[in-house]
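Reader: I have a model open and want to go through its backbone and packing. Can we keep it brisk?

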Amino acid sequence: MNVPLLQPISKAIKPYEFGSRELQVNQAVLGIHGLDVQFTGVNFLESLVSEFSPSTSSAMGLPREFHEQCRRSLEIDYLKMFYCWARDAALSVTNRIVESKSEVPEVKVCNAALRLMLQILNWDFHLNNNSVKTSINVFSAGARLDIDSSKRSECTLVQPGPAWRDVLISSGHIGWLVNLYAALRQKFSREGYWLDCPIAVSARKLIVQFCSLTGTIFLSDNGQMHEHHLLQLLSGIIEWIDPPEAVAKAIGCGKSESEMLDGCRALLSIANVTTPFVFDRLLMSIRPFGTLTLLSTLMCEVVKVLMSTYPEEETWSWEARDILLDTWTALLVPLDSTGGNAMLPPEGINAAGNLFALIVESELKAASSALTDDVDGDYLQSSISAMDERLSSYALIARAAIHVAIPLLTKLFSERFARLNQGRGIIDPTETLEEVYSLLLIAGHVLADEGEGETPLVPYAIQTYFTDNMGADEHPVIVLSSSIIGFAEQSLDPKMRASVFSPRLLEAVIWFFARWSCTYLMNPEEVRETQSQDHQLQSQQLRKGLHSFFREHNQGKLVLDIIVRVSVTTLLSYPGEKDLQALTCYQLLHALVREKHICVHLVSLDSWRNLANAFANEKSLFLLDLAHQRSLAQTLVHSASGLINSEASNQYIRDLMGHMATYLRELSSKNDLKSVAQQPDIILLVSCVLERLRGVATASEPRTQKAIYELGFSVMNPILVLLEVYKHESAVVYLLLKFVVAWVNGQISYLEAHETAIVVDFCMRLLQLYSSHNIGKISVSLSSSLLSEAKTEKYKDLRALLQLLSSLCSKDMVDFSSDSIETQGTNISQVVYFGLHIVTPLISLDLLKYPKLCHDYFALLSHLLEVYPETVAQLNSEAFVHVLGTLDFGLHHQDAEIIDMCLRSLKALASYHYKETASGKTGLGLHAAGHKDSGGNLQEGILSQFLRSLLQLLLFEDYSPDLVGSAADALLPLILCEQGLYQRLGNELIERQANPTLRSRLVNALQSLISANQLSSTLDRINYQRFRKNLNNFLIEVRGFLRTM
């Protein structure tokens, strides 16, 4: 029989009862009718299991509920039986395979059986607790959720439950499998090709999969059964990877690496289901050392191979290194809320220390060898972020042996530092500098964690190990940190800078400072009080030593000054080095101004004042990239939070930006502006000033709001003048709009009524000017030819307008002013209405395929409909149809956030119409009423169309279950507005349902949707909550059999 034909046969058998064929299939699989039939029978079961899994089942036009019932039936009634059949099929032929002196046809049967067992163990077990009363997930497509895709090497846990214990654990099945592979391995030991034969590969994969077995299948006997199971497996796997040196040598001589890599994967699987102590003692009963020592020795050998073969193309050693690093990560990741890492036994700590020393040696060798003539530049071109994952794994290993790692790094760094000083002008320092570069990255990862979004604590290993009251000159962290700070300080010497500090090396220095300062520099004591009570004593001792050294009353302010001066050096002395300056502006300086207590000291430093003065009054910093100038402006404004009071902060900003605002005013008032403005140097200068203004605007906060408002107010007219002058310079137009967007967004919530009136009037004039010149109005027909995101850059000003309108809308939702804007007669809806008429003709469905523009557009639309639904209702018919057409497009978008915004828009639109008509008003008027087209056909009103579309989405299409709540909020007012249509649609669904049982369920569900939980016809919070519950129950009840697959 042809094996590819088995899939259609298994598909055909699915709608029917398998029991009637059970005996025949069993006989075939057991080999009663010969090897060919046995092979076919095993392959048939493999196809059947694949067909019954929702994630791999065929499209058959049957309800999703049916597929789920099939999966459940197979898991409960047949999966274990199929596994036993596959096991018995393999048992029936293994003796013949082992005893024969040549290849026999039984091999293909055994391989197929092993493959089937592996497939069954890969099943996503849902019913592993002897419970069959689990609800069907009617939203997901059946994909597994237990795979950690962030790891380089994926590892899936196998959790079949206690019902499988007799088959997998108690029957001796594991011993048989391990012994089978060992026997075949011994038999074909002289045949190098055998390791990659299908039967060898299948057997190893099955053994590795058994290493991931966990959960309730094991007895609650303090882990003894689980340990015995893992020991059985490890006793066979150990032959694949031990002794590591011999294994690596054999691979170097031509032996296949596949077995060794599978051995590494097995260790990773075991590490994912055990603690470090259990992992380590597994091997001690059969070897004089623990598993951690084996893991360390194995990785050391892999690293040695990497060192000897670098920089060849990626070989097996690269893959092995990644798998073994994931194994260490699985063992050492934080286990508790204190951020502590799993502790290793003493032997494991020593093994980790030895491994880390070799890792550092290999990284230093890679760094220096990357400079030889016969090596490409991949190593030198690799960015810090590209190496971050690997270095983070190295840091975990280092922290496991922190008492070894930090002194080692200090020693190596000091040696390189001394070598540079001794060899100045005598020897080429390039290799040493590359080694310093690597040491800086490794040290940064070991000493501190990434601080994105929060203040990182001192790593747990450092807290718990270095707790003695040692002096500053003895504390390893202080010694290493001081050594690096002292090295960085030498970059302030022009001669040293010229001979030693390349832009690449300074990148590592800046990166280190940014990471290190978040954890150690002047951190207040209260930040440390989040530690658990168990570690308070260690934390107190830590503060006495490590933290007190870098506080403001000790060396903290001195170190802060060094960091600032080094930062200024990177900005002024390395023109054109965008990567270096980006690290300085975006990471280091932003990190410094994140904490107010550091800003207090920053603004008192001469070095910081010099930076602010250079920014305000000198042209040197105008050479920076525009984005970096914006970031630097933002940073300087944030630092004003460290000044004594609000008035001082506001004056600081006036001094910082006053000259630039004056420049724009003077430029815009020139009589020959049109000719002067087109000069390249003037365009560049204007662009720089606009980006700086935007940076200041984005840093707005209550303390500095007054000065930033005054700054924007002072350049209102110049902005309009420049928009007129640069109407053909799209880049400048975009910068003008982005500044206005940032300024309005930062100010609008704080403005008093008269100030709001001024800003709204300004925005109206800007929109009118923009519209009068048709700036950005590119033919919509061109949008269909756009092939990439880059080609939509010409539409950036359109995105800016969307953001501006959204910011204006927010005033009616978030307002901190003391009076109402109505007191000044200000009508924000008018400017929004005008802006909408400008924007909507430019928005095409093709443009909405681009994520950034799409997000901004629907954010504005949902905002408008929630705050000013009457404004949208006043649009002319063409504009209204266009807006609602884009809304329908958004409902079927792939991005859940876009769909959510569209659902909120629908809710606002339908609820507005319902409430207006309930009070005797027209609501959406003709937009909501049906009409006849030119052919005399009746066309549904807009709300009827959306009711139909939303029900179609909810019942028959794919979407995230997280959207059900928002969908309910939109559906309720739609049903209330179009009750007659809802009844007709429900009747159509009922009539299409031929199955009487399912029809009855559907009738009851449709009735419950609009009546259960005391649902009423009001649109209040309680009623929305009730309908959310009703809709969720409705979908669970009917979506499974309405939706076909």
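Reader: Where is the place of Asn1013?
Author: This is a predicted model. Phi of Asn1013 is near 60°, a positive value in a residue other than glycine. The residue sits outside the helices on either side: its place is the loop between α47 (996-1009) and α48 (1021-1042).

Reader: Is Asn1013 buried, exposed or partly exposed?
Author: Buried needs under 20% relative accessible area, and exposed needs over 50%. Asn1013 has a relative accessible area of 34%, so the residue is partly exposed.

Reader: Phi of Asn222 is also positive. Does Asn222 count as buried or exposed?
Author: Phi of Asn222 is near 65°. Asn222 belongs to the loop between α8 (198-210) and α9. The cut-off for exposed is over 50%. With 74% relative accessibility, Asn222 therefore counts as exposed.

Reader: Which residues does the cis peptide bond with omega of about 0° join?
Author: One partner, Pro243, lies in the loop between α9 (224-241) and α10 (244-252). Omega is about 0° for the bond that joins Asp242 and Pro243.

Reader: How far apart are the end C-alpha atoms of helix α18?
Author: Helix α18 covers residues 402-422, which is 21 residues. The expected span is 1.5 Å times one less than that number of residues, so α18 should span 30 Å. The model agrees, with its end C-alpha atoms apart by 30 Å.

Reader: Which arginine is among the buried residues of α18?
Author: The buried set includes Ile402, Leu409, Phe413 and Leu420. It also includes Thr410. The arginine in it is Arg416.

Reader: Is Arg694 buried or exposed?
Author: Arg694 lies in helix α33 (residues 680-698). Beyond its neighbours within four places in sequence, Arg694 is in contact with Arg630, Lys738, Phe739 and Ala742. The cut-off for buried is under 20%. Arg694 has a relative accessible area of 14%, so the residue is buried.

Reader: How are α19 and α23 oriented to each other, roughly parallel or roughly antiparallel?
Author: Helix α19 (residues 430-447) and helix α23 (residues 503-520) have axes 9 Å apart, at an angle of about 15°. The contact includes Leu433, Tyr437 and Leu440 of α19, and Leu505, Phe512 and Trp516 of α23. Angles under 35 degrees count as roughly parallel. So α19 and α23 are roughly parallel.

Reader: What percentage of the residues of the chain count as buried?
Author: The chain has 48 helices and 2 strands. It exposes about 44600 Å². Of its 1045 residues, the buried share is 55%.

Technical notes:
Residues are numbered from 1 along each chain as its sequence is written. This is a predicted model: local features need pLDDT of at least 70, side-chain atom pairs count only at pLDDT 80 or more; totals for chains, interfaces and linings use all residues. Side-chain values use heavy atoms; hydrogens and water are left out. Helices (H or I, at least four residues) and strands (E, at least two) are DSSP runs, numbered from the N terminus. Buried means under 20% relative accessible area, exposed over 50%, partly exposed in between (1.4 Å probe, protein chains only). Accessible areas come from the Shrake-Rupley method with a 1.4 Å probe; for residues, only the protein chains shown count as cover. Contact means heavy atoms within 4.5 Å. Axes are lines fitted to C-alpha atoms, for helices over the stretch in contact, and angles run from 0 to 180 degrees between N-to-C directions. Angles under 35 degrees count as roughly parallel, over 145 as roughly antiparallel, 65 to 115 as roughly perpendicular and the rest as oblique.
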